Amino acid sequence: KELGATHVVNVNDKSDQYVRDEIHAMTGGVNCDLTIDAGGFKSTCENAAYCTRRGGRMVQVGLPLPINDDNTNSHQHPLIPMGRIAGHEIEIVGSHGFSALDMPAILDMVSRGVLCPGLLVEREVGLQEGATAIEDTDHTSPLGITMVTRFGDDDHGHQQSRLYEKKP
């Protein structure tokens, strides 16, 4: 909520139907104008599709991962309910980054305090721990951003980068 959300649903250890029912109830039965799946998991992608209102927009940011060739990965392709998408006239937009042309405007907003990316940084780590964190995203989707800010031999130091200081 401190980042601007008006409502929050804790989905930890909850079924997809629970998530959909909670969103439906919170919105008075109309669902969301905009849903954003930043996790890229089968359930988060499917839930975003089911929780978008008629005429709404679903933004797919996270990249859904397929099962590995050796069938050891638990990730599965999401099953997008295309009948619902077409019938409810839901717009699906893919987003994976931004144009380099947008960078000056983004940096300007950061310098003026309009955007505070430091609020999204959950923890700062060294290179080795950062590599492990990347590998862990195959199995989990931690809250916040893990930022690699230490690049020297002393990977375990606690020096915080001034580039990513959280602003009050």
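**View 1. Met-58 meets its partner in strand E3.** Let's start in this predicted model with Met-58, which stands opposite Ile-92 in E3. A little way along, Arg-57 has Glu-91 of E3 as its bridge partner. Altogether, four bridges join E2 to strand E3, residues 91-94, and the two strands run parallel.

**View 2. Strands E1 and E2 side by side.** Here you can follow strand E1 (residues 32-37) next to strand E2 (residues 52-60). Five bridges link the two, again in the parallel sense. For a pair to look for, find Ile-36, which has Val-59 of E2 opposite. As a reminder, strands of a sheet pair through backbone hydrogen bonds, either parallel or antiparallel.

**View 3. The three-stranded sheet.** Put the strands together and you get an open sheet in the order E1-E2-E3, with parallel pairing. E1 and E3 are the edge strands, each pairing on one side only. From one strand to the next, the twist averages 15°. Helix H2 packs on this sheet and touches E1 and E2. The direction of H2 makes about 150° with that of E2.

**View 4. From strand to helix to strand.** Which elements make the β-α-β unit? They are E1, helix H2 (residues 42-50) and E2, and the unit is right-handed.

**View 5. A charge over a ring.** Now visit Lys-14, whose charged end sits over the ring of Tyr-18. The distance to the centre of that ring is 5.5 Å. If you go looking for aromatic pairs, the count for the structure is zero.

Methods. Residues numbered from 1 in each chain as written. Predicted model: local features only at pLDDT ≥ 70, side-chain atom pairs only at ≥ 80, totals over all residues. Heavy atoms only, no water. Phe/Tyr/Trp six-rings, centres within 6.5 Å; stacked < 30°, edge-to-face > 60°. Lys NZ or Arg CZ within 6 Å of the ring centre and 35° of its normal. Pairing = 2+ DSSP bridges. Right-handed = clockwise from strand over helix to strand, strands pointing away. Axes fitted to C-alpha atoms, helices over the stretch in contact; angles between N-to-C directions. Contact = heavy atoms within 4.5 Å.
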